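Here are some notes for a colleague who has not worked with this structure before. Please read them with the model open.

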Amino acid sequence: MSTPTATPPTATIREARLVVTAHRQREGAGFVVRRPFPTQGLALVDPFLLLDEMGPVDYAPGEAIGAPDHPHRGFETITYALAGEFEHEDSAGHRGVLRAGDVQWMTAGGGIVHSEMPSRAIQDHGGRVHGFQIWVNLPARLKLTRPRYQEVPSARLPTGQTDDGRARVTVIAGEALGARAVIDTHTPIVYQDWTLDGGADVTTPIAGDHQALVYVFGGAVRVGDAGREVRDGQLALLGPGDAVRLRGADDTTGGRLLLLAGVPLGEPVARYGPFVMNTEQELRDAIRDYQTGRMGEITRTAEVG
Ligand code: MN
């Protein structure tokens with residue numbers, strides 16, 4: 001079987017070297033996330049700082065909560081909506097609504113004030129909310145770069161599938177099964193949403209200089225030639241190699257997963273809440289700059305209707 005991004009027959013398959021189960025945590029104004037890292041045992045997966053699965057949760061009218069105005073400096077937040085509507089705005093003047101399947105790649109860089117809320121419709125009428133937010137670290141030379149937004153609606157996200165159709169991928173970053181990302185990243189990043197049916201068996205290249213992980217958020221899959229089973233809510237950190245092999249758990253059971261990979265920065269990480277820098281002094285500077293208003297504020301005008 002061949003695909004447009006066929007894996008060379010000499011590829012070294014990455015095996016799962018650590019499997020952790022996500023814990024539940026309250027974030028923002030109190031919404032619950034599943035968080036495989038950071039935890040005590042897994043502080044980060046360089047260059048990734050955090051992985052949060054928001055929901056799925058079914059809100060009643062008046063119940064939905066989000067993360068009102070808060071600062072960021074020194075990294076990127078990437079939000080991927082699976083269900084519901086997320087309204088984001090920030091002090092750099094960006095504003096947008098993410099609906100199911102949409103991605104927003106936000107580079108906080110030198111500093112912004114950010115607001116992430118369920119849409120007015122979800123707040124008023126309730127509804128299902130489900131999505132992901134990951135934090136990607138920036139190298140020292142880009143920590144104070146200018147804030148940037150990249151918003152990609154689901155229709156613009158490239159997709160691919162295996163010849164037998166049992167493995168399908170949406171490519172947010174990187175390349176798989178002939179689909180190449182439309183998003184520009186500051187450092188090499190792979191971010192893919194895979195759906196595997198029972199009996200699916202796919203191998204996709206991930207460059208040897210990347211650190212890679214798989215997070216399963218539905219069903220169960222097998223990772224590597226060894227076929228380590230990874231179930232809903234579990235994250236597998238992958239070992240060295242230049243390809244990832246993913247299979248459904250068996251002939252009838254498949255799963256859904258995020259495949260994340262990136263070139264480790266290998267730099268010191270100093271983090272305090274929404275600030276991620278290289279040194280403690282830079283953290284103190286970030287807190288001071290936020291408290292003195294140097295990250296700006298979100299300007300809101302009265303809404304019509
Ligand atoms: Mn934020």
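1. Status of the model. The structure is a predicted model. The points below go through one helix, two spaces in the protein, and then several single residues and peptide bonds.

2. Helix α2. This helix covers residues 280–291, twelve residues in total. From its first C-alpha to its last, α2 reaches 17 Å, close to the 16 Å expected at 1.5 Å a residue. Leu283, Ala286 and Asp289 are the buried residues of α2. Viewed down the axis of α2, these buried residues fall within an arc of 125 degrees, so they line one face of the helix. In general, an α-helix has 3.6 residues a turn, so residues three or four places apart point the same way.

3. Surroundings of α2. The buried residues of α2 pack against two strands, β24 (270–272) and β25 (275–277). Glu280 and Gln291, on the other side of α2, are exposed. Glycine 293 comes just after α2 and takes a positive phi of about 80 degrees.

4. The cavity. The structure holds one cavity of 30 Å³ or more. The volume of the largest cavity is about 150 Å³. Its lining is made up of 15 residues, and those nearest the centre are Phe31, Met54, Ile65, Phe86 and Val129. Two or more lining residues come from each of β3, β4, β7 (85–90) and β10 (112–118). Strand β4 gives the most to this lining, with four residues. By class, the lining of the largest cavity has eleven nonpolar residues, three polar and one charged.

5. The second largest pocket. This pocket has a volume of about 320 Å³. There are 18 residues in its lining, and Glu27, Arg35, Asp52, Gln133 and Trp135 lie nearest its centre. At least two lining residues are supplied by each of β3 (31–37), β4 (48–59), β5 (67–72) and β11 (127–137). The lining of the second largest pocket divides into eight nonpolar, five polar and five charged residues.

6. Two cis peptide bonds. Which residues does the cis bond with omega near 5 degrees join at proline 38? The bond runs from phenylalanine 37 to proline 38, and proline 38 sits in the loop between β3 and β4. A cis peptide bond also joins glycine 55 and proline 56, with omega about 5 degrees. Proline 56 lies in strand β4.

7. Glycine 126. This residue is in the loop between α1 (120–125) and β11. Is glycine 126 buried or exposed? Its relative accessible area is 15%, under the 20% limit, so glycine 126 is buried. Its C-alpha atom is separated by 4.1 Å from that of proline 61, although the two are 65 residues apart along the chain. Leaving out residues up to four places away in sequence, glycine 126 touches Tyr59, Ala60, Pro61 and Ala121.

8. Proline 147. The loop between β11 and β12 (148–152) holds proline 147. With a relative accessibility of 25%, proline 147 counts as partly exposed. Proline 147 and threonine 107 are 40 residues apart along the chain, and their C-alpha atoms are separated by 5.2 Å. Apart from neighbours within four places in sequence, the contacts of proline 147 are Ala92, His94, Thr107, Ala108, Gly111 and Ile112.

9. Leucine 177. This residue has a positive phi of about 50 degrees although it is not a glycine. Leucine 177 is placed in the loop between β15 (175–176) and β16 (179–180). Its relative accessibility is 7%, so leucine 177 counts as buried.

10. Leucine 246. Strand β22 (residues 243–248) contains leucine 246. Leucine 246 has 0% relative accessibility and therefore counts as buried. Residues up to four places away in sequence aside, leucine 246 touches Trp194, Leu196, Ala200, Asp201, Val202, Val214, Arg222, Val223 and Leu257. Between leucine 246 and alanine 60 the C-alpha to C-alpha distance is 37 Å, and they are 186 residues apart in sequence.

Note on methods. Residues are numbered from 1 along each chain as its sequence is written. This is a predicted model: local features need pLDDT of at least 70, side-chain atom pairs count only at pLDDT 80 or more; totals for chains, interfaces and linings use all residues. Side-chain values use heavy atoms; hydrogens and water are left out. The expected span of a helix is 1.5 Å times one less than its number of residues. Buried means under 20% relative accessible area, exposed over 50%, partly exposed in between (1.4 Å probe, protein chains only). The arc is that of the directions from the helix axis to the C-beta atoms. Contact means heavy atoms within 4.5 Å. On a 1 Å grid over the protein atoms alone, a cavity is a set of points where a 1.4 Å probe fits but cannot get out, and a pocket is an open set with protein on both sides within 12 Å along at least five of seven lines; lining residues have an atom within 4 Å of a point. Grid points are joined across faces, edges and corners, and a volume is the space filled by probe spheres set on the points. Ala, Val, Leu, Ile, Met, Phe, Trp, Tyr, Cys and Pro count as nonpolar, Asp, Glu, Lys and Arg as charged, and the others, Gly among them, as polar.
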